[in-house]
Amino acid sequence: MGALPVFRWRLAPDGYATRRQLRAQGLRPGGQGVAATLERPRRRREPLVAYLYRVDRAKPVRPMTPGRWAALAAANRARRICPQCRTDAGYIILASLGSCVPCAYPDPDSPRSV
């Protein structure tokens with residue numbers, strides 16, 4: 001197998017798509033390898049590279065099963081629980097904070113103690 005074809009930015013022929021473009025069409029690469037690369041030149045730096053896949057070899061996205069929906073809901077629910085006060089924050093806790101906002105920035109005048 002030879003080298004992959006390289007296309008310039010916005011000049012890829014029809015029939016090739018990135019992972020995101022495939023997903024927007026309800027498709028996935030489906031085990032196929034990278035068919036081509038797309039390069040966007042930049043000044044004084046290496047070009048940005050995107051991998052392209054063949055659309056005709058792509059497969060439909062697998063549907064979400066009830067088990068996968070339940071696992072996704074459990075993971076999102078776990079991201080809402082503050083590790084310090086063990087309460088549901090009502091939002092996804094930022095990894096940069098590591099806890100809910102009241103725990104990360106306690107108000108010294110507040111009667112709440114953690």
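Two residues are said to be in contact when heavy atoms of each lie within 4.5 Å. With this meaning in hand, the predicted model can be read residue by residue, beginning with a cysteine.

Cys100 is located in the loop that runs between helix H2 (66-80) and helix H3 (101-104). If neighbours within four places in sequence are set aside, the contacts of Cys100 are Cys82, Cys85, Ala89, Tyr91 and Ile93. The relative accessibility of Cys100 is 4%, and a residue is called buried when this value is under 20%; Cys100 is therefore buried. A further distance helps to place this residue: Gly90 stands 10 residues from Cys100 along the chain, and 9.3 Å separates their C-alpha atoms.

A second loop, between strand E3 (27-28) and strand E4 (36-42), holds Gln32. The same reasoning about accessibility applies here: Gln32 counts as buried because its relative accessibility is 14%. The side chain of Gln32 reaches two backbone oxygens, that of Pro29 at 3.3 Å and that of Arg54 at 2.9 Å. Arg54 also appears among the residues that Gln32 touches when those up to four places away in sequence are not counted; the others in this list are Tyr53, Arg57 and Ala58.

The discussion now turns to the aromatic rings. Why are two values given for such a pair? A pair of aromatic rings is described by the distance of the centres and the angle of the planes. One aromatic pair is found when the whole structure is searched. Its members are Phe7 and Tyr16, whose ring centres are 5.6 Å apart and whose planes meet at 55 degrees, an arrangement classed as tilted. The angle is decisive for this name, because planes under 30 degrees apart count as stacked and those over 60 as edge-to-face, while the rest are tilted. The two partners fall into separate classes of accessibility: Phe7, with a relative accessible area of 18%, is buried, whereas Tyr16, at 24%, is partly exposed.

Tyr16 leads to the last feature, since it is one of the residues that line the largest pocket. The space in this pocket amounts to about 190 Å³. Besides Tyr16, the lining consists of Trp9, Arg10, Ala12, Thr18, Gln21, Leu38, Ala50 and Leu52. By chemical character, the lining comprises six nonpolar residues, two polar ones and one charged one. Tyr16 thus joins two parts of this description, because it is counted as nonpolar in the pocket lining and is also a partner of Phe7 in the aromatic pair.

Terms used: Residues are numbered from 1 along each chain as its sequence is written. This is a predicted model: local features need pLDDT of at least 70, side-chain atom pairs count only at pLDDT 80 or more; totals for chains, interfaces and linings use all residues. Side-chain values use heavy atoms; hydrogens and water are left out. Helices (H or I, at least four residues) and strands (E, at least two) are DSSP runs, numbered from the N terminus. Buried means under 20% relative accessible area, exposed over 50%, partly exposed in between (1.4 Å probe, protein chains only). A polar contact is a pair of N or O atoms within 3.5 Å; within protein, one must be able to donate a hydrogen and the other to accept it, and residues adjacent in sequence count only if both atoms are side-chain atoms. On a 1 Å grid over the protein atoms alone, a cavity is a set of points where a 1.4 Å probe fits but cannot get out, and a pocket is an open set with protein on both sides within 12 Å along at least five of seven lines; lining residues have an atom within 4 Å of a point. Grid points are joined across faces, edges and corners, and a volume is the space filled by probe spheres set on the points. Rings of Phe, Tyr and Trp (its six-membered ring) pair if their centres lie within 6.5 Å; planes under 30 degrees apart count as stacked, over 60 as edge-to-face and the rest as tilted.
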